[in-house]
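Here is a short set of exercises to work through with the structure open beside you. Try each task before reading its solution.

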Amino acid sequence: MATEKSAVFIIFGGSGDLAHRKLYPALYRLFKAGMLKDHFAVIGTARRPWSNEYFRQTVITSLEDFDDDKRMMENFAMHFYYQSHDVNDSDHYIALKQLASKLDDRFDTEHNRVYYMAIAPRFFGTVAAHIKSEGLKTDGYNRLVIEKPFGRDLNSACDLNDALSKAFTEEEIYRIDHYLGKKMVQEIPNLRKKNPKFDEILNNKYVSNIQVTLGESLGVEDRGGYYETAGALRDMVQNHIMQILGVVAMDEPDVMDAKSIHDIKEKLFASLKDLTPDEVSKKFVRGQYDTDEMGKLNPYRKEDKVEEDSNIETFAAGKIEFDNERWSNVPFYVRSGKRMPKKSSRIDIVFNEKVADLGIRANTIVTLFIEPDEGSSILINGIDYREVKQNLIKYPEDPEIFDNAREAYESLIIDILAGDKANFTLWEELKSTWKYIDVIRKQWDEESPKFPNYLSNTMGPDTADTLLEKDGNSWIWN
Ligand SMILES: NC(=O)c1ccc[n+]([C@@H]2O[C@H](COP(=O)([O-])OP(=O)(O)OC[C@H]3O[C@@H](n4cnc5c(N)ncnc54)[C@H](OP(=O)(O)O)[C@@H]3O)[C@@H](O)[C@H]2O)c1
């Protein structure tokens, strides 16, 4: 039986897409599980003038796709309140404070607060500053949850962090990377712990290379405007891919608590092998999708809100290396792209022939499937030993996946309520990864790529294959 938690959630951007598609369904599942019960309330805020009743109805609508327990949904929605609010208006924070205090008393929430930034990143600093200046923080806990993107380069990330730090301590800030909430990613440390033999061979003596792919079959759909400011490198590599690398490549912590995990991850990211500007073209490649073979799909440059001569990459691949005892000389090949033949997030660990000394077949490949399938497979001499749960979720026509993401949010909200920061990104990790990514971005911004350079429904540009072939390797998922 789940232990009940107490808190008032204030969701900035409570009328938005993220809130309705991911947060409310996740909170609802916690309600059904009894983790949220009598002692919680949710305040949704945004500028539009909604009533509590209308807001509650939108919350119920967001749940109807996957549940039909009307009574349960209505009971859940009774914990929801709406406060019309413009992030720049100080008076609105006073009204918000009064409502939150009233709900603290009504639901007896021990003055615990979760402030969730489901709004545009340019507002993060303003909201945090007002929370402090207008005295919203209480004598319970005060946890600030930040969505991606956290900056667009090291400088802007530092500015944002400085702004947040004036109102919240690092301890109070929860930076979401929803890949860290995915079941298989969370399983990796356990898998290593439970199989000491596996962990023993996860190093440069036995591993030939490690490949991380976050592939999507869809294009940018209706998010062209946002994507034009991001691109695959910022949108996927700096955060999700780097965090997955962190979990796979970190040394095993002595204790599995948040502090030990972050200390070890921080050390790992600090050992990222420096990349010089002239190495960028040798180690990183980019691509942008064209139409498909039949000429039916839109090329990226013809998508809504995308410039006709856009040089934004929809595909990025690279070879990342670490300068440390465990991993020196082992390439970590990473790639992420849109309009690949199917959606697949996976990690392929390719062992070398030395594992034969330990009684394991040479060149064994271990694959960890993150989504949509979840599980692992071991490929030995062409025979595939699989333990994979086929995920039979129907994907809506949307680039962000549905069920898996909902589960990831649920798991991350549980961590926030428990004050467990193991699955969130800490500032020092972000600093190291932005520093690394900035070198690539800067170099790419100085050169004009020949785009488009890959057909939709293919594995990306040919250069992504040559990247590995130069080292005598090849992509396992091809
Ligand atoms: N959607 C996703 O799947 C997803 C995934 C990962 C990360 N994120 C991140 O999550 C955040 C929210 O994304 P979203 O897709 O939910 O955006 P969205 O649908 O555009 O929602 C934005 C929200 O902000 C409110 N808002 C806008 N201007 C405001 C202002 N001046 N004062 C107060 N409220 C204001 C909007 O309501 P009003 O117009 O009524 O004010 C709306 O509720 C972004 O940082 C995004 O990068 C989203």
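Let's start with a local backbone question; please keep in mind throughout that this is a predicted model.

**Exercise 1. Find the loop that holds P149, and describe the peptide bond that joins P149 to K148.**

Solution. Begin with the place: P149 sits in the loop between β5 (142-146) and α6 (154-165). Next, look at the bond itself. K148 and P149 are joined by a cis peptide bond, with omega about 0 degrees.

Now repeat the steps for P372. This proline is in the loop between β12 (365-371) and β13 (374-380). The peptide bond from E371 to P372 is cis, and its omega is near 0 degrees. For background, most peptide bonds are trans.

**Exercise 2. Work out how helix α1 is oriented relative to helix α3, and list the residues that meet.**

Solution. First, locate the helices: α1 covers residues 17-32 and α3 covers residues 70-77. Second, take the geometry. Their axes come within 11 Å and cross at roughly 105 degrees. Third, classify the angle: because values of 65 to 115 degrees count as roughly perpendicular, α1 is roughly perpendicular to α3.

Fourth, list the partners. From α1 come Y24, L27, Y28, F31 and K32, and these meet M72, M73, N75 and F76 in α3. Finally, sort the residues of this contact by character: seven are nonpolar, one is polar and one is charged.

**Exercise 3. Which residues does UniProt place under "binding site", and which of them are in the lining of the largest pocket?**

Solution. Start from the record. The unreviewed UniProt entry gives the feature "binding site" at H178, K182, E216, D235, K338 and K343. Of these residues, the lining of the largest pocket includes H178 and D235.

Then look at two of the annotated positions in turn. H178 lies in the loop between β6 (173-175) and α7 (183-194). Its relative accessible area is 8%, so H178 is buried, the cut-off being under 20%. K343 lies in the loop between β10 (332-337) and β11 (344-351). With a relative accessibility of 14%, K343 also counts as buried.

**Exercise 4. Is I188 buried or exposed, and which residues does I188 touch?**

Solution. Place the residue first: I188 belongs to helix α7. Then check accessibility. I188 has a relative accessibility of 3% and therefore counts as buried. Now turn to the contacts. Leaving aside residues up to four places away in sequence, I188 touches V247, V248, I347 and L368.

To finish, take one distance to a residue further along the chain. I188 and D251 are 63 residues apart in sequence, and their C-alpha atoms are separated by 12 Å.

**Exercise 5. What is the phi of E221 and of K305, and is each residue buried, partly exposed or exposed?**

Solution. Recall the background first: most residues other than glycine have a negative phi.

Step one is E221. Its phi is near 50 degrees, a positive value in a residue other than glycine. E221 lies in the loop between β7 (207-215) and α9 (224-228). At 25% relative accessibility, E221 counts as partly exposed.

Step two is K305. Here phi is positive at about 65 degrees, although K305 is not a glycine. K305 is in the loop between β8 (284-287) and β9 (315-320). Its relative accessibility is 59%, so K305 counts as exposed, given that exposed means over 50%.

Note on methods. Residues numbered from 1 in each chain as written. Predicted model: local features only at pLDDT ≥ 70, side-chain atom pairs only at ≥ 80, totals over all residues. Heavy atoms only, no water. Axes fitted to C-alpha atoms, helices over the stretch in contact; angles between N-to-C directions. Helix = DSSP H or I, 4+ residues; strand = E, 2+ residues; numbered from the N terminus. Parallel < 35°, antiparallel > 145°, perpendicular 65-115°, else oblique. Contact = heavy atoms within 4.5 Å. Nonpolar A, V, L, I, M, F, W, Y, C, P; charged D, E, K, R; others polar. UniProt positions renumbered as here; feature names shortened; annotations may be inferred. 1 Å grid on protein atoms, 1.4 Å probe; cavity = no way out; pocket = protein on both sides within 12 Å on 5 of 7 lines; lining within 4 Å. Buried < 20%, exposed > 50% of the residue type's maximum accessible area, 1.4 Å probe, protein only.
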